[in-house]
Amino acid sequence: LNTIAAMDGQEAVTIADNAHYVRNNGAWKPVFETVHESWSGGSITVIYGESSCAVQVSSVRIGSGSWDSAQWGKTIREEYRPKYEMSNPLMVANGSSTTGFLVVTPRGVVGVKNMGSSGSDDTRSGSVCWPVQRPY
């Protein structure tokens with residue numbers, strides 16, 4: 001791709017592997033980038049997309065207190081952070097109605113939390129996504 005003269009915002013697809021790229025700040029960058037790592041007994045996946053960002057947590061554990069929570073040790077990249085807090089309920093693997101939430105703040109902090117009443121230290125999974133303004 002580096003042999004192609006292009007302006008920022010121009011998109012290209014490589015035929016060999018159908019990978020999508022966009023020109024940004026004079027360089028070709030993948031349209032999607034995925035970060036996957038272990039977190040809190042389970043895993044977290046962050047997908048940085050061309051015009052969206054998504055966070056998926058799988059089998060994450062926190063304490064059993066009513067308001068216990070855990071924060072991911074990293075933050076969402078600044079240009080992908082939501083303008084307002086984004087949240088979504090999580091499935092809690094305990095067979096009851098204990099509620100957990102996945103929250104992403106405008107500062108890029110990702111957290112999983114119990115939401116009152118009786119908490120649960122069982123695993124929880126879920127996702128949240130939001131639109132991102134394209135830089136070009």
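**Exercise 1. Describe the order of elements along the chain, and state how many helices and strands there are.**

Solution. Read from its beginning to its end, the chain follows the pattern β-β-β-β-β-β-β-β-β-β-β. This is a predicted model, and the count of elements in the chain is zero helices and 11 strands.

**Exercise 2. Work out in what order the strands of the open sheet lie, and which strands form the edges.**

Solution. Begin with the general principle that the strands of a sheet pair through backbone hydrogen bonds, in either a parallel or an antiparallel manner. In this model, eight strands make up an open sheet, with antiparallel pairing, and their order is β4-β5-β6-β11-β8-β9-β10-β7. The next step is to look for strands that pair on one side only, and these edge strands are β4 (33-39) and β7 (69-75). Finally, going from one strand to the next, the twist averages 15°.

**Exercise 3. Trace the partners of strand β6, and find which residues stand opposite each other.**

Solution. Take first the pairing with strand β5 (residues 42-48), which runs antiparallel to strand β6 (residues 52-60) and is joined to it by six bridges. A hairpin of three residues connects β5 to β6, and within this pair isoleucine 44 stands opposite valine 57 in β6. Then turn to the pairing of β6 with strand β11 (residues 124-131), which is also antiparallel and extends over seven bridges. Here serine 52 stands opposite proline 131, a residue of β11.

**Exercise 4. Explain why cysteine 53 and cysteine 129 form no disulfide, and decide whether each is buried or exposed.**

Solution. A disulfide is a covalent bond between the sulfur atoms of two cysteines, and the cut-off applied here is a sulfur pair within 2.5 Å. The closest cysteine sulfur to that of cysteine 53 belongs to cysteine 129 and lies 9.0 Å away, so the distance is too far for a bond. Cysteine 129 is likewise in no disulfide, since its nearest cysteine sulfur, that of cysteine 53, is 9.0 Å away. The count of disulfides therefore comes to zero by this rule. For the second part, buried means under 20% relative accessible area and exposed means over 50%. Cysteine 53 has 0% relative accessibility and therefore counts as buried, whereas cysteine 129, at 53%, counts as exposed.

**Exercise 5. Locate glutamate 85, and list the residues that it touches beyond four places away in sequence.**

Solution. Glutamate 85 is found in the loop between β7 and β8 (86-92). Leaving out residues up to four places away in sequence, glutamate 85 touches Val103, Val104, Thr105 and Pro106. From glutamate 85 to valine 109 there are 24 residues in sequence, while their C-alpha atoms are 9.7 Å apart in space.

**Exercise 6. Compare the radius of gyration of the chain with that of a compact globule, and describe the chain as a whole.**

Solution. The chain has a radius of gyration of 18 Å, whereas a compact globule of 136 residues would have one near 14 Å. The C-alpha trace spans about 60 × 30 × 20 Å along its principal axes. Of the 136 residues, 37% are buried, and the chain exposes about 7,900 Å², of which carbon and sulfur atoms supply 49%. Among contacts with a separation of 6 or more, 52% involve residues 24 or more positions apart.

Notes
Residues are numbered from 1 along each chain as its sequence is written. This is a predicted model: local features need pLDDT of at least 70, side-chain atom pairs count only at pLDDT 80 or more; totals for chains, interfaces and linings use all residues. Side-chain values use heavy atoms; hydrogens and water are left out. Two strands pair if DSSP finds at least two bridges between them. Helices (H or I, at least four residues) and strands (E, at least two) are DSSP runs, numbered from the N terminus. Axes are lines fitted to C-alpha atoms, for helices over the stretch in contact, and angles run from 0 to 180 degrees between N-to-C directions. Buried means under 20% relative accessible area, exposed over 50%, partly exposed in between (1.4 Å probe, protein chains only). The radius of gyration is taken over C-alpha atoms; the globule rule is 2.2 Å times the number of residues to the power 0.38. Contact means heavy atoms within 4.5 Å. Accessible areas come from the Shrake-Rupley method with a 1.4 Å probe; for residues, only the protein chains shown count as cover.
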